[in-house]
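Dear colleague,

Please find the structure below, followed by my notes on the interface and on the pocket.

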Amino acid sequence: MDLKLTLNIADPDDFYRELIDSQRHMDSAQAAMMNCKLVLILANHVGDRAVIREALKRAGGAA
Amino acid sequence: MFKTYSFPKFPYVPSPEQKSGEVRRHRLVIIGAGPIGLAAALDAAAHGLPCVVLDDNDTVSVGSRAVCYAKRTLEVFDRLHVGARMVEKGVSWQHGKVFFKDRRSYEFDLLPEDGNKMPAMINLQQYYLEEYMVDALKDHPDVDLRWKHKVTAIAQHSDHAVLTVETPDGAFTMEADWVIACDGANSSIRAMVGAQFTGQFFQDRFLIADVIMKAAYPTERWFWFDPPFHPNQSVLLHRQPDDVWRIDFQLGWDADADEEKKPEKIIPRVRAMLGDDRPFELEWASVYQFACRRIDNFRYGRVLFAGDAAHQVSPFGARGANTGVQDTDNLIWKLKLVLDGDAPPALIASYHEERAFAADDNLLNSSRATDFITPKSAASRMFRDAVLQLAEDQDASFARALVNSGRLSTPTPYLASSLNTPDADMFAGAMKPGTNCADAPVTVDGRADWFLNQIGGRFTLLSFGPAPVESVSFGRVTAKVLQVGRDIVDATNLLAARYDAAPGTIYLIRPDQYVAARWRAFNETKIVQALARALSA
């Protein structure tokens, strides 16, 4: 499976609002911690190392 | 002075060759009488290979140092007849807890597999191990253990090395067909041969304290990340024999080693950790920094490197002594066969091939644990803390799998070794060529025994059911048949299960108890070819 870059989420505007709202009451440190947890949870959900590697690269990570 | 241990003092004995001034050629000289040098000597003795061991000191290790001994290491020591004594004295453990800040993050169980003679892990102070090995070597006709002998120079020749050795009686010269340098992470022999020793240095300093106390803590490995009693750092607690507890405190990169070694600094740290006023006494303490690095080649001419002299790892995961013992386990049988002219010198090259591969695997594991325990940036620290927070959730087992407070040492299989004959037949399970043999309970002459005690020290053909011959040879090297159902009885069927065996299955097993090849049916030509391959012939 390749990394999906076409829209894969229903109602994208609502998703985006949900994401932003989830950190509404957080300061930067708390939000950063939550982002770390989110990355870990979602990466484990994806599982496929090749897909995760492609995502790391797409996000601007070092190869 | 230690309260729980009195250090033996081994006498310096002037050697006849130094007295006479006659230069002698020895087959094997081992430099360093730490756990690895002594294991090499025991193994050489077991193979009937005479050796001289030189050590610049005259006692055992001061302080607990290498504490955890894993199953494979204990199996090697059992082959060398010191394993039982270690297990008897040592503290066997399998449970651990990981704490993050003021909370318990999770617990683990090493879940040792049933049907193994040796436990998953024991804790034992290094000085006990060394004492037991020196005892086992005492009066051995093939082992010449010399204290207060310091090697100060090495000259290499095509078929031997010349050592300059200093003793209380001055300097003398000795020759050796082969030298094994087991002189530790700061090996002076390594510098003498001009070997490279490169890798990653870690800035963090750690304090090790051996503390005597009657504590009601369970026999478990406890690891704290960022605990309230030692903020922003890690702490490890381990139980050792004699009510001695080993505590490792991470101190950070800017700690003053001399200052931190002072009892007035250590005692409040331990007091804060215990959190009450129970009595304890400080037995020994040391401050250390470490690196993860390996020698570029395990062999320089006639000098072979083993243990910390060849590879240095972080202390997390008990990989130092454990892998060092596996170095000499790999080396001695090869050296014996080559010295006897029964295998070509090429067999020695497989020592670097197999053990450098294992060292790299250990270094990778060790560096990963170190990076988790001592994150190098604010971002990696945040990921680390996120993992630890997620690990507290009972249903987030994936996060617990990411927590790395040191993965405990398991042997690295030599899956790509040139000594292996790759499988041509279908097999399931773990016993692939290049893997160390699994143990299993067996019956020998009606007595309960263990499989690993039936093999080792020579090539073996493990035959499940009758074989048409009693042995197979290549040149002067013979692999004797060990027949399941006749020589050993597999009453529990565990041996057959672990080796995925059916009637007719044959395994060719190396002297170090590693699988060289396996087949579904006996074929002498193929066995001879595999034996030759395992000898680099």
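How much area do chain B and chain A bury between them? The figure is about 870 Å², 87% of it on carbon and sulfur atoms, where buried area is the accessible area (1.4 Å probe) that two parts lose on being put together, summed over both. In chain B, Met382(B), Phe383(B) and Phe398(B) lose the most area to chain A, and together they account for 55% of what that side buries.

This is a predicted model, in which local features need pLDDT of at least 70 and side-chain atom pairs count only at pLDDT 80 or more, whereas totals for chains, interfaces and linings use all residues. Residues are numbered from 1 along each chain as its sequence is written, chains are lettered from A and ligands numbered from 1 in the order in which they are written, and side-chain values use heavy atoms, with hydrogens and water left out.

Nine residues of chain B are in contact (heavy atoms within 4.5 Å) with nine residues of chain A. Between the two chains the count of salt bridges (a side-chain nitrogen of Lys or Arg within 4 Å of a carboxyl oxygen of Asp or Glu) is zero.

As for the largest pocket (an open set of points on a 1 Å grid over the protein atoms alone, where a 1.4 Å probe fits, with protein on both sides within 12 Å along at least five of seven lines), its volume, the space filled by probe spheres set on the points, which are joined across faces, edges and corners, is about 1,800 Å³. Of the 44 residues that line this pocket (an atom within 4 Å of a point), the closest to its centre are Val39(A), Leu40(A), Ala43(A), Ile52(A) and Leu56(A).

Best regards
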